[in-house]
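Visitor: Could you walk me through this one? I would like to talk about the empty spaces first and the partner strand afterwards.

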Number of protein chains: 2
Amino acid sequence: MSTHGTTAAQGEQPRWLDAEEQRAWRAWLYSAQLLLDRLDRELVRETGIPHTYYEILVALSETEDHMLRMSELADRCLSSRSRLSHAVSRLEERGWVRRQVCPDDGRGQLAVLTEEGFAALEAAAPVHVEGVRAHLFDQLSPEQVAAVRDVGETLLRHLGPR
Amino acid sequence: MSTHGTTAAQGEQPRWLDAEEQRAWRAWLYSAQLLLDRLDRELVRETGIPHTYYEILVALSETEDHMLRMSELADRCLSSRSRLSHAVSRLEERGWVRRQVCPDDGRGQLAVLTEEGFAALEAAAPVHVEGVRAHLFDQLSPEQVAAVRDVGETLLRHLGPR
DNA sequence: GTGGAATAAGTGAGCCCTCAACTACGCTGC
DNA sequence: GCAGCGTAGTTGAGGGCTCACTTATTCCAC
């Protein structure tokens, strides 16, 4: 048993996967897990920055003034508020991000990228991009890259905006 | 700055991503994160079984006698030995898996799926497959599904077997 | 058969994430 | 001007994972 199978333990008959779907699903799942894992490990090993931290630094660096509201930052990093709050606390300890009360909303906080944080990001970016090239783009033909984008954007329309 | 950029802080010039690659990478990353997250959450919510546990139960159920050596099980689940050891301990507490010394190698342990574990899997499988359908296959054309498989298997040849 | 390397698995400290409170502020209507 | 509700963010307990280390067994050369 797994995602295919012949026994249904429910009222509605489950729409089991056929052999082709099974292969597609497993290939997607394993490759996604391995790729995410590999990129994270290499980044940590070579720069000491986990991918989750990296994403936060990137999001901040992409704004005009290197700062974002906590909730906006959480959305851009596909992170829960709580997770982001913990993560920013840890980044503060490293001196890479600083918190600042939001001028136009007393409830809000701004996460601000520090000089040190920007420097850490600059050091990590080449490592990260090299990983993405080596393990993704270098392995795929232009047609496959186009398909990756197409499938990804299709799924995002379903799963996203949120 | 991010995975594109114009400043290189290294000897070797980083091979930055162009705009198209950037889009492909982000689409892939976000869709992968959202899909994995969504499937796990739905499975936990409706069955109380996290996806990592589910994968272990599936791997065991797919063998002839519903048992596997710990290290073989770890490989099939793309899990570290340590992680699997912890996970199997938790599954033992739920009564879904049982450990048993390996007859032909005194160092080895066999993880054995129990009746209760199999029943839990049978209950969870329809929920899981429905999630995979709803969030993956129902969203994609047959051509896109073929591309997913093709890309996944290509990446696996690079990332996998280990 | 014995010493030593290799292999199988488990353990525990520490980090990260989730979930469910909780605090603090803002907004509206009366 | 304050009651009540919604929103922004934080907190802490608890679970899961990683990493380095430990224990137990097997393999092999001699």
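Visitor: Which residues line the second largest cavity?

Guide: The second largest cavity is lined by A:Leu39, A:Glu42, A:Leu43, A:Val127, A:His128 and A:Gly131. A word on the basis: this is a predicted model, in which local features need pLDDT of at least 70, side-chain atom pairs count only at pLDDT 80 or more, and totals for chains, interfaces and linings use all residues, while side-chain values use heavy atoms, without hydrogens or water. Residues are numbered from 1 along each chain as its sequence is written, and chains are lettered from A and ligands numbered from 1 in the order in which they are written.

Visitor: And what counts as a cavity or a pocket here?

Guide: On a 1 Å grid over the protein atoms alone, a cavity is a set of points where a 1.4 Å probe fits but cannot get out, whereas a pocket is an open set with protein on both sides within 12 Å along at least five of seven lines; a lining residue has an atom within 4 Å of a point. Points are joined across faces, edges and corners, and the volume is the space filled by probe spheres set on them.

Visitor: How many cavities does that give?

Guide: There are two cavities of 30 Å³ or more. The second largest holds about 40 Å³, and H1 and helix H5 (115–135) of chain A each supply at least two residues of its lining, helices being DSSP runs of H or I with at least four residues, numbered from the N terminus.

Visitor: What about the largest cavity, where does its lining come from?

Guide: The largest cavity has about 140 Å³ of space, and helices H1 (19–47) and H6 (142–159) of chain A, together with H1 (19–47) and H6 (142–159) of chain B, each give its lining at least two residues. Of its 14 lining residues, A:Trp28, A:Val148, A:Val151, B:Trp28 and B:Val148 lie nearest the centre. By class the lining has ten nonpolar, four polar and no charged residues, where Ala, Val, Leu, Ile, Met, Phe, Trp, Tyr, Cys and Pro count as nonpolar, Asp, Glu, Lys and Arg as charged, and the others, Gly among them, as polar.

Visitor: How much space is in the largest pocket?

Guide: About 1800 Å³ lies in the largest pocket, and of the 49 residues that line this pocket, A:Gln33, A:Leu36, A:Asp37, B:Gln33 and B:Leu36 are the closest to its centre. H1(A) gives the largest share of that lining, ten residues, and the classes divide into 19 nonpolar, ten polar and 20 charged.

Visitor: Switching topic, which residues are closest to DNA strand D?

Guide: DNA strand D is surrounded by 22 residues, of which A:Ser71, A:Arg99, B:Ser82, B:Arg90 and B:Gly106 are the closest; near here means that a heavy atom of the residue lies within 4 Å of the strand. Of the strand's atoms within 4 Å of the protein, 76% belong to sugar or phosphate and the rest to bases.

Visitor: What is the distance from A:Ser71 to a phosphate oxygen?

Guide: An N or O atom in the side chain of A:Ser71 is 2.4 Å from a phosphate oxygen of DNA strand D. On chain B, a polar side-chain atom of B:Arg83 lies 3.3 Å from a phosphate oxygen of the strand, and one of B:Ser80 lies 3.5 Å from a phosphate oxygen.

Conventions:
A polar contact is a pair of N or O atoms within 3.5 Å; within protein, one must be able to donate a hydrogen and the other to accept it, and residues adjacent in sequence count only if both atoms are side-chain atoms.
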